[in-house]
Amino acid sequence: MTVAVPTSHRTAQELPLKSARERMDIISAYREVGTYRGAAEIAGTTPKTVKRVIERHESGDGAARRVPRERNYDGVRELVAEREVKTCGRISAKRLLPAARVAGYAGSPRNFRRLVAEQKALWRKGNHRGRRPAVWLPGEYLVIDWGSLAGLHVFCAVLAWCRVRFVRFAADERAETTLAMLGECFEALGGVPGRVLADRMGCLTGGVVAGRVVPTGAYLRFAAHYGFTPDFCEAADPESKGIVEHLVGYAKRDLIVPQQPFGDVVEANAAAAGWCAEVNAAVHSEICAVPAERLVIERELLGGLPSLRASVGRVVLRKVDRLSCVRFGSARYSVPTRLIGEQVGLRTDDGRLLVICEGSGAVVAEHTMVAPGETSVRDEHYGGPRPAPQRAVRPKTTAEKQFCALGPVAEAFLVGAAAGGNTRLGTELAELNTLAAAHGPEQFLAALDRAVAFGRWRAADVRSILAAGAGTPQPSPAGDALVLQLPVVPQRPLSAYAVTATDTGGAR
């Protein structure tokens, strides 16, 4: 156990060496009075101290000085210092202790924690961040953050220059809830600031690349609608948005704790609106002004509100099936075929269903919502209108292959004969192949073409057409102009039909 010893009773070994001025005072006093006790009374110290100072002075100040005591962690001091530098002073003694044991440290964990704390303090002293106070410009920044207490989620926002505070409650911290709160905040402020500063909220962050935050597509569309620039704080750096961190704690202490429990969110938001009106009308300790009065000045520098409020709805995820459709509300909606097997987001907006690409946030399809059990299909999602169903002709026997080899006319005859109910078509193919060989492909195909045009599906019909030859009439389809070759007759001028005096006999 360590006992505190008064300064006047400590020995020279227990005290650091006297300063040169104090030693000279003691020596001068001793030379003047010649006794240790008298010199001690003059110098304000003890006789033993005077004796040791005089003996050390007379011996040429050659007395042995006290050597600092060695610590059991001196052997691993460099290891700890190196790790603290490497981890920027964040590694704990618990994580360092196994490595120190391997390096030869045999002391207690408590003593090792002292070494780690000492090295952390040394690193922080030489690597201070050197913060400076924030200087906000009017109309520049709105800082937002979420907090929670007793099952309530509280959205907090501060207009940085005028310090106007906005607080509302919500049931969750989803992206659509955050954007809806932000839109309500803009309406309460009467304008839109240039930037909105937030921490790396999962609902607004689409990813982080090289330390840069990539906002979600929904947040970017919301920002473009209102005309502000999204901004994000550094990771694990609450000081960069301390202005709203303080508001979150203030709202918990002064609003939630005294007035809870709230009946529902509507009641809580009514209390929050009244609380904001109260605190914004009081003098702020930091700016020594009333935030509500400064808002009148800053509002002139805020951007204007859009004519229509942004539509913010809940996004649900669906997987695109093999029919390139998604199901919502027991109805089916088409999406582009390139998204088959991918996951997309669905959001309803004023009777419309918007299909949103999860990666880019772009709207890839838009449908009018239909009743359950119905289907909404857009032709452009499938590359054009749906073609009529067709059944391909697939010849298998030798006769079928020989007949179909004649070309599309033969296939058309085969399809028409099957649809017309020619039950003997299979056996008549051999006869048709014989007629083709006898009359030649050109005449036979012309006969088949005429048979298809007039719906004659038997082999006997084709034989009769071949027997009739080329002299058969070729009727034109209804609606075509009828062209006739009229006989040539002599023409007379109109003057030949004039009535003259000779024709009337000269009578008047």
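## Salt bridges

A salt bridge is a side-chain nitrogen of Lys or Arg within 4 Å of a carboxyl oxygen of Asp or Glu. Arg77 and Asp74 meet this definition, with 3.0 Å from N to O. The model is predicted. It holds nine salt bridges. Arg77 is partly exposed, at 24% relative accessible area. Asp74 is also partly exposed, at 33%. These two residues join Glu118 in a network of salt bridges.

Arg332 pairs with Asp321, and their closest N and O atoms are 2.9 Å apart. This bridge links distant parts of the chain. Arg332 sits in strand β10, while Asp321 sits in the loop between β8 (316–319) and β9 (325–328), eleven residues apart. Arg332 is partly exposed at 21% relative accessibility. Asp321 is partly exposed at 25%.

Glu431 bridges to Arg463, with the closest N and O atoms 1.5 Å apart. Glu431 belongs to helix α14 (residues 425–439) and Arg463 to helix α16, so the bridge ties together parts that are 32 residues apart in sequence. Glu431 has a relative accessible area of 28% and is partly exposed. Arg463 is partly exposed too, at 37%.

## Aromatic pairs

The whole structure contains 14 aromatic pairs. One of them joins Tyr219 and Phe232 edge-to-face, at 6.2 Å centre to centre and 80° between the planes. Tyr219 is in helix α8 (residues 217–226) and Phe232 in strand β7 (residues 229–232), so the contact connects parts that are 13 residues apart in sequence. Tyr219 is buried at 1% relative accessibility. Phe232 is buried as well, at 14%.

Tyr250 and Trp275 form another edge-to-face pair. Their ring centres are 5.2 Å apart, and the planes meet at 65°. Tyr250 lies in helix α9 (residues 242–259) and Trp275 in helix α10 (residues 265–280), so this pair ties together parts 25 residues apart in sequence. Tyr250 is partly exposed, with a relative accessible area of 24%. Trp275 is buried, at 3%.

## Ring cluster and charges over rings

Ring pairs also build a cluster. Its members are Phe186, Tyr219, Phe222, Tyr226, Phe228 and Phe232.

Charged groups sit over rings at Trp161 and Tyr497. The charged end of Arg294 lies over the ring of Trp161, 3.8 Å from its centre. The charged end of Arg492 lies over the ring of Tyr497, 4.6 Å from its centre.

## Nonpolar core

The largest nonpolar core has 32 residues. Leu142, Ile144, Leu182, Phe186 and Phe228 have the most contacts inside it. At least two core residues come from each of β1 (141–149), β2 (152–159), β3 (164–170), α7 (175–189), β4 (195–198) and α8. Helix α7 gives the most, with six residues.

Two of these core residues, Phe186 and Phe228, also appear in the ring cluster.

## Surface patch

Leu482, Leu484 and Leu486 form a nonpolar patch on the surface. Together they have about 410 Å² of accessible area. Leu482 lies in the loop between α16 (459–468) and α17 (501–504). Its relative accessible area is 71%; that is over 50%, so Leu482 counts as exposed.

## Loops and backbone

Most residues other than glycine have a negative phi. Which value does the phi of Arg163 take? The angle is near 65°, which is positive in a residue other than glycine. Arg163 sits in the loop between β2 and β3. At 13% relative accessibility, Arg163 is buried.

Ala210 also has a positive phi, near 55°. This residue is in the loop between β5 (205–209) and β6 (212–215). Is Ala210 buried or exposed? Ala210 is exposed, at 80% relative accessible area.

Thr337 is placed in the loop between β10 (331–334) and β11 (343–349). Thr337 is partly exposed, at 38% relative accessibility. The C-alpha atoms of Thr337 and Leu323 are separated by 8.2 Å. Along the chain, these two residues are 14 residues apart.

Methods
Residues are numbered from 1 along each chain as its sequence is written. This is a predicted model: local features need pLDDT of at least 70, side-chain atom pairs count only at pLDDT 80 or more; totals for chains, interfaces and linings use all residues. Side-chain values use heavy atoms; hydrogens and water are left out. Rings of Phe, Tyr and Trp (its six-membered ring) pair if their centres lie within 6.5 Å; planes under 30 degrees apart count as stacked, over 60 as edge-to-face and the rest as tilted. Helices (H or I, at least four residues) and strands (E, at least two) are DSSP runs, numbered from the N terminus. Buried means under 20% relative accessible area, exposed over 50%, partly exposed in between (1.4 Å probe, protein chains only). A charge sits over a ring if NZ of Lys or CZ of Arg is within 6 Å of the ring centre and within 35 degrees of the ring normal. Patches are made of residues with over 30% relative accessible area and no salt bridge: like charges are joined within 9 Å, nonpolar side chains (Val, Leu, Ile, Met, Phe, Trp, Tyr) within 5 Å. Accessible areas come from the Shrake-Rupley method with a 1.4 Å probe; for residues, only the protein chains shown count as cover. A nonpolar core is a set of buried Ala, Val, Leu, Ile, Met, Phe, Trp, Tyr and Cys residues joined through side-chain atoms within 4.5 Å.
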